[in-house]
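Visitor: Hi! I'm new to this one and would like a friendly tour. Could you put it up on the screen?

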Amino acid sequence: VRYDRVMRSISDQLSYLSRSWNSEPVAEERAHALIALATGHLCYRGGELAARRASGWLVAELGRQLHADGGHVTRNPSVTLALLLDLLVLKQCYAERALEMPAAIADLMQRMLGFLRFLRLGDGSLASFNGSHGNVRDALATIDSLDHGDRVTLAAAPQSGYSRLACGDTVIVADTGAAPALRHSTRATASCLAFDMSAGGQILFCGA
């Protein structure tokens with residue numbers, strides 16, 4: 001009886017998500033909802049077709065939210081990281097069901113991961129601009145350890161508005177972009193010309 005109740009609850013929640021995700025005003029929350037929808041459908045027998053459909057919606061939604069360099073429209077690296085961590089769960093669910101994740105999602109994940117690597121300082125943290133959280137070394141290490149795809153290496157992130165300088169073991173990451181659109185202001189990052197600097201494994205300067 002308890003199992004039936006759990007499965008009925010999951011079915012009800014997936015039905016709600018499929019009806020409501022598109023009405024969510026916050027961009028990244030729409031993406032999180034679609035990841036949850038695809039993941040949820042993979043958790044029960046017979047949900048493969050619905051998972052593929054939700055994954056198609058997810059690809060389209062992330063296509064609208066991600067810049068070509070892999071950064072999110074909010075310009076907040078923490079948003080990119082949170083989405084990538086959820087996508088990693090979805091990837092694992094596809095693997096557990098012995099199904100291949102859509103190639104378009106895998107490509108998006110590699111772009112996002114390349115962007116996050118671009119923003120990493122010498123101690124393994126992310127440049128911590130306003131609205132972002134730099135101390136995410138464990139999360140980044142987890143993603144790196146489970147990533148077996150072709151690595152994307154960025155020389156620049158012009159669409160997201162970040163620049164990186166490196167000489168030896170000294171790294172500077174600077175915010176060189178404009179503020180994002182007002183509709184993204186709840187999680188946006190905008191710290192014009194702020195920069196973080198590391199030397200080896202030590203943070204020397206945080207400009208946010």
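Visitor: Thanks! Let me start with one residue: is Gly56 buried, partly exposed or exposed?
Guide: Gly56 is partly exposed, because its relative accessible area is 39%. Keep in mind as we go that this is a predicted model.

Visitor: Okay, and which helix is Gly56 in?
Guide: Gly56 sits in helix H3, which covers residues 48-65.

Visitor: How far is Gly56 from Ile105?
Guide: Their C-alpha atoms are 8.9 Å apart, and the two residues are separated by 49 residues along the chain. Ile105 is one of the buried residues of helix H5.

Visitor: Tell me about H5, then. How many residues does it have?
Guide: H5 has 16 residues, running over residues 103-118. From first C-alpha to last, H5 reaches 23 Å, close to the 22 Å expected at 1.5 Å a residue.

Visitor: Which other residues in H5 are buried?
Guide: Besides Ile105, the buried ones include Leu108, Met109, Met112, Leu113 and Phe115. Gln110 and Arg117 are also among them.

Visitor: Let's zoom out. What does the whole chain look like in terms of helices and strands?
Guide: The protein chain has six helices and four strands. Along the sequence, the pattern reads α-α-α-α-α-α-β-β-β-β.

Visitor: And how much of the chain is buried?
Guide: Buried residues account for 44% of the 208 residues. As for the outside, the accessible surface is about 10600 Å², and carbon and sulfur atoms hold 56% of that.

Visitor: What about contacts between residues at least 24 apart?
Guide: Taking contacts between residues at least 6 apart in sequence, 67% join residues at least 24 apart.

Visitor: New topic: helices next to each other. How do people describe a pair like that?
Guide: Two packed helices are described by the angle between their axes and the distance between the axes. Here, the axes of H2 (residues 27-41) and H4 come within 9 Å and cross at roughly 10°.

Visitor: Are H2 and H4 roughly parallel or roughly antiparallel?
Guide: Roughly parallel, because an angle under 35 degrees counts that way.

Visitor: Which residues meet there?
Guide: On the H2 side they are Glu28, Ala31, His32, Ile35, Ala38 and Thr39. On the H4 side they are Val79, Ala82, Leu83, Asp86, Leu87, Val89, Leu90 and Cys93. By class, this contact has 10 nonpolar, two polar and two charged residues.

Visitor: Thr39 caught my eye. Is Thr39 buried or exposed?
Guide: Thr39 counts as buried because its relative accessibility is 13%, and the cut-off for buried is under 20%. Setting aside neighbours within four places in sequence, Thr39 is in contact with Val89, Leu90 and Cys93.

Visitor: Back to H4 for a second. What about Lys91?
Guide: Lys91 lies in H4, which spans residues 77-96. At 26% relative accessibility, Lys91 counts as partly exposed. The C-alpha atoms of Lys91 and Pro102 are 9.3 Å apart, with their positions 11 residues apart along the chain.

Visitor: One last stop: where is Gly177?
Guide: Gly177 is in the loop between strand S2 (170-175) and strand S3 (195-199).

Visitor: Is Gly177 buried or exposed in that loop?
Guide: Gly177 is buried, because its relative accessible area is 18%.

Visitor: What does Gly177 touch?
Guide: Not counting residues up to four places away in sequence, Gly177 touches Arg75 and Gly161. C-alpha to C-alpha, Gly177 and Gln159 are 8.1 Å apart in space and 18 residues apart in sequence.

Terms used: Residues numbered from 1 in each chain as written. Predicted model: local features only at pLDDT ≥ 70, side-chain atom pairs only at ≥ 80, totals over all residues. Heavy atoms only, no water. Helix = DSSP H or I, 4+ residues; strand = E, 2+ residues; numbered from the N terminus. Buried < 20%, exposed > 50% of the residue type's maximum accessible area, 1.4 Å probe, protein only. Contact = heavy atoms within 4.5 Å. Areas by Shrake-Rupley, 256 points an atom, 1.4 Å probe, with all protein chains shown as cover. Expected span 1.5 Å × (residues − 1). Axes fitted to C-alpha atoms, helices over the stretch in contact; angles between N-to-C directions. Parallel < 35°, antiparallel > 145°, perpendicular 65-115°, else oblique. Nonpolar A, V, L, I, M, F, W, Y, C, P; charged D, E, K, R; others polar.
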